[in-house]
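Student: I should like to examine how the descriptive terms applied to a structure are justified. May we take the model and test each term against its criterion?

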Amino acid sequence: MINLVEDTMSEEDQIRDLYQEKNKFQTALQIVGQEERETVLVEALAFFINPYMKNGMTAESLKKFFEDKIGEELGHFLTLKTEFPVGKNRLDMMIQYEKHLIGIEAKINASVDNPLDVYSWAVGERANGSE
């Protein structure tokens, strides 16, 4: 049977439709083949968390998420650092607000063998009076 619609489609339209069907349920990181790379995921997350990046409501929504989890206001955003040095290791992300400091160690298909106790101590030291 001949599909008249497909026969009248340009080659460009057919390629576009094939690409869209193939990638319909993929994330942006999957489309570019980076879904297994921790650093790429952390940098993307950092973009959406940082309120200075003009990324819409994401930064404020995530701040509200953190506040709901800890049950207190975080205060004003101060800084965000990826690959935060902790001795000979690096914490994936450190987010500092006026009243709280949040450390994030991301894992993609990997076990946690990082020194979380050392990371916790380093975040506490950096907090310098924050909780």
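Tutor: The discussion below concerns a predicted model and turns to the sheet, then to single residues and charged pairs.

Student: What makes strand 1 and strand 2 a pair?

Tutor: Pairing requires at least two bridges between two strands. Strand 1 (residues 77-86) and strand 2 (residues 89-97) are joined by 8 bridges, so the criterion of at least two is met. The two strands run antiparallel. One of the bridges links Val86 to Asn89 in strand 2.

Student: Why are strand 1 and strand 3 said to stand at the edges?

Tutor: The sheet is open, with 3 strands in the order 1-2-3 and antiparallel pairing. Strand 1 and strand 3 (101-104) each have a single partner strand, so one side of each is without a neighbour in the sheet. From one strand to the next, the twist averages 20°.

Student: Which helices lie against these strands, and at what angles to strand 2?

Tutor: Helix 4 (residues 38-49) packs on the sheet and touches strand 1 and strand 2, with its direction at about 10° to that of strand 2. Helix 6 (residues 116-127) lies across strand 1, strand 2 and strand 3, and runs at about 35° to strand 2.

Student: Why does Thr79 count as partly exposed?

Tutor: The relative accessibility of Thr79 is 26%. Buried means under 20% and exposed means over 50%; a value of 26% falls in between, and therefore Thr79 is partly exposed. Thr79 belongs to strand 1. Beyond residues up to four places away in sequence, Thr79 touches Met94, Ile95, Gln96 and Arg126. Thr79 and Met94 are 15 residues apart in sequence, yet their C-alpha atoms are 8.2 Å apart in space.

Student: What makes Lys64 and Asp68 a salt bridge?

Tutor: The closest N and O atoms of Lys64 and Asp68 are 2.9 Å apart. The cut-off is 4 Å, so the pair qualifies. Both residues lie in helix 5, 4 residues apart, about one turn of the helix.

Student: How do the two partners, Lys64 and Asp68, differ in exposure class?

Tutor: Lys64, with a relative accessible area of 46%, is partly exposed. Asp68 reaches 51% and is exposed, because the boundary for that class is over 50%.

Student: How many salt bridges does a search of the whole structure find?

Tutor: The search finds 2. Besides Lys64 with Asp68, the side chains of Glu105 and Lys107 meet at 3.3 Å, N to O. This distance is within 4 Å, and the pair therefore counts as a salt bridge. Lys107 is partly exposed, at 29% relative accessible area.

Student: Why is no salt bridge assigned to Lys63?

Tutor: Lys63, in helix 5 (residues 58-70), is buried, and its nearest side chain of opposite charge, Glu67, is 4.1 Å away. A salt bridge must be within 4 Å, so Lys63 and Glu67 do not qualify. Glu67, also in helix 5, is likewise buried and without a salt bridge.

Student: What does the side chain of Lys63 reach, and which residues surround Lys63 and Glu67?

Tutor: The side chain of Lys63 reaches the backbone oxygen of Gly75 at 3.0 Å. The limit for a polar contact is 3.5 Å, and therefore the distance satisfies that criterion. Setting aside residues up to four places away in sequence, Lys63 touches Leu74, Gly75 and Tyr97, whereas Glu67 is in contact with Glu72, Glu73, Leu74 and Gly75.

Definitions and conventions: Residues are numbered from 1 along each chain as its sequence is written. This is a predicted model: local features need pLDDT of at least 70, side-chain atom pairs count only at pLDDT 80 or more; totals for chains, interfaces and linings use all residues. Side-chain values use heavy atoms; hydrogens and water are left out. Buried means under 20% relative accessible area, exposed over 50%, partly exposed in between (1.4 Å probe, protein chains only). Contact means heavy atoms within 4.5 Å. Axes are lines fitted to C-alpha atoms, for helices over the stretch in contact, and angles run from 0 to 180 degrees between N-to-C directions. Lys and Arg count as positive and Asp and Glu as negative; His and the chain ends are not counted. A polar contact is a pair of N or O atoms within 3.5 Å; within protein, one must be able to donate a hydrogen and the other to accept it, and residues adjacent in sequence count only if both atoms are side-chain atoms.
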